[in-house]
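User: I've got a protein model open and I'd like to talk through its aromatic pairs and its core. Can you walk me through it?

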Amino acid sequence: MSEKKEDLLNQIVIQKTGDFETDLRHIAQTLRDNFDYIEDEAFIKALDQYLVEAYTDKADSLETILTDIKQTDDEEFMSNMKKMSQDNPTRAQFETSLFIRKMEEDFSEIRPRMYEKNLSIYSPIDQFEFWLENGSEMILKPTKRDYANLYKDYARILVTSNEWREATEMYQQATLWNPYDAPAYLELAELYQNMGQYGMSYPTILSGLKHAYFPHCLAQGFYLLGQFYLSKGDTMSAYELFHLSLLWDESEEAKKAFYELMEQMPEQMRVDLTAPEVLAAVNLSMYPDAEKLAALENYINEAELSDEDKEKLIETYQHIIGELSKMK
C-alpha cells in the first residue's frame with residue numbers, strides 16, 4: 001500500500017469522533033473522493049479491519065459491502081437501500097454513496113456524437129417530450145443504466161438522512177439525465193420549500209408542471225405553488241391553487257391547507273374559480289396545453305412505437321383529456 005493511501009487511512013482513524021453515524025458519513029465522503037483506492041486490496045483490507053474493530057456491534061465487512069455493490073442488480077440494490085433507509089438511514093446513505101460513485105465510472109464510456117443524445121429516458125411519455133423538444137433529427141440513445149432514477153433514489157435516501165443540501169444536488173443530477181421527469185422536479189421543489197428556499201422552488205415547480213401529465217403530479221405542482229404564494233402572504237392565490245390541486249387529486253396535505261385557509265377567510269371571499277381563471281390569476285396557462293396534447297396525439301399515430309408503449313401513451317392521453325374536461 002502506497003504512502004498516500006496509508007496517510008488517507010490514518011486520516012480516517014484520526015478523525016474518528018466515536019459517533020458511528022458521523023464517522024460513517026465522513027468515511028463515505030472520503031471514499032467517494034478517492035474511489036480509485038477501492039481497487040487497492042491492501043487498502044480495503046486495512047480499512048475493513050479498522051471498521052470491524054472500531055464498530056464491532058455495527059459494521060459489516062467493507063469487503064462484503066463492496067462485493068454486493070458489484071454483483072447486485074441496480075434495481076434490487078436500490079430497493080434494499082430504500083428499505084434500509086427506514087431503519088438505518090446513515091448506513092443506507094453510506095452504502096448508496098459508494099454505489100453511486102462506482103456507477104459514475106461508467107460515464108467515461110459515453111462518447112457524445114452529432115445528432116445523438118445519451119440520456120436516461122425510458123418512460124414513453126418522457127420519450128415523447130424528448131421528441132417534442134428535439135424533433136426527429138435528434139436520436140435518443142438511452143444509457144445502459146437508468147442514471148436518472150438512480151440519482152433520484154439516492155436523493156430520497158439522503159432526504160431520510162436529513163442530508164438536504166446533498167439531496168438537492170442529486171435531484172439536479174437526475175434532471176440532467178432526464179430533463180422531462182416531472183416527479184424529480186417536484187420533489188426537488190418540495191425540498192427547496194422545506195429548506196425555506198421558496199425563490200428556488202418556484203421555477204422548479206414550473207419545470208415539473210411543464211412536463212406533468214398525471215393527475216398526482218399536477219396536484220402536487222399546484223399544491224406547491226399554493227405554498228409558494230402562501231409564503232408571500234398572498235392567501236387568496238394560495239387558497240385557489242390548493243383548490244385546483246384538489247380538483248386534480250385529493251391529497252391529505254392539500255385538503256388540510258385548503259380548509260385551514262377557508263376557515264380564516266370571510267365567507268364572502270370564498271369564491272372557487274375555474275381552473276383557467278385560477279391559472280390566469282397567477283399568469284400561468286393550463287398544463288398540459290392544447291398544442292402539446294395535439295402533438296401527443298400526432299406522435300401516437302405516426303411514431304414507430306412498441307405495442308406496449310403505444311398503449312401506455314393512448315391511456316395517458318385519454319385520461320388527461322377526460323380530466324381536463326372537468327376543469328372547464
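Analyst: Sure, here is a short run of questions and answers on this predicted model.

User: Let's start simple. How many helices and strands does the protein chain have?

Analyst: The C-alpha trace spans about 70 × 50 × 30 Å along its principal axes. As for secondary structure, the protein chain has 2 strands, and its helices number 17.

User: What percentage of the residues count as buried?

Analyst: A residue has to be under 20% relative accessible area to make that list. The protein chain has 328 residues, and the share of them that counts as buried is 46%.

User: On to the aromatics. Are the rings of phenylalanine 128 and tyrosine 299 stacked, edge-to-face or tilted?

Analyst: There are 14 aromatic pairs by the rule used here. In this one, the ring centres of phenylalanine 128 and tyrosine 299 are 5.2 Å apart, and the planes sit at 55°. Stacked needs under 30 degrees and edge-to-face needs over 60. With 55° between the planes, the pair of phenylalanine 128 and tyrosine 299 is therefore tilted.

User: Which helices does that pair link?

Analyst: Phenylalanine 128 and tyrosine 299 are 171 residues apart, so to speak from distant parts of the chain. Phenylalanine 128 is at 0% relative accessibility and tyrosine 299 at 8%, so both are buried. Phenylalanine 128 belongs to residues 124-134 and tyrosine 299 to residues 290-302, that is, helix H7 and helix H16.

User: And how are the planes of phenylalanine 258 and tyrosine 259 arranged?

Analyst: Their ring centres are 5.1 Å apart. Phenylalanine 258 is buried at 4% relative accessible area, whereas tyrosine 259 is partly exposed at 44%. The planes of phenylalanine 258 and tyrosine 259 are at 75°, and over 60 degrees the label changes, so this pair is edge-to-face.

User: Which helix gives the largest share of the largest nonpolar core?

Analyst: That core holds 47 residues, and Leu218, Phe222, Leu244, Trp248 and Leu296 touch the most other members. The largest share is 9 residues, from residues 215-231, which is helix H12.

User: Leaving aside neighbours within four places in sequence, which residues is leucine 218 in contact with?

Analyst: Contact here takes heavy atoms within 4.5 Å. With those sequence neighbours set aside, leucine 218 is in contact with Leu209, Ala212, Tyr213, Trp248, Tyr287 and Ile320.

User: How many residues are in the second, separate core?

Analyst: Met81, Ala167, Met170 and Tyr171 are among its members. This second core is separate, and its residue count is 23.

Methods: Residues are numbered from 1 along each chain as its sequence is written. This is a predicted model: local features need pLDDT of at least 70, side-chain atom pairs count only at pLDDT 80 or more; totals for chains, interfaces and linings use all residues. Side-chain values use heavy atoms; hydrogens and water are left out. Helices (H or I, at least four residues) and strands (E, at least two) are DSSP runs, numbered from the N terminus. Buried means under 20% relative accessible area, exposed over 50%, partly exposed in between (1.4 Å probe, protein chains only). Rings of Phe, Tyr and Trp (its six-membered ring) pair if their centres lie within 6.5 Å; planes under 30 degrees apart count as stacked, over 60 as edge-to-face and the rest as tilted. A nonpolar core is a set of buried Ala, Val, Leu, Ile, Met, Phe, Trp, Tyr and Cys residues joined through side-chain atoms within 4.5 Å.
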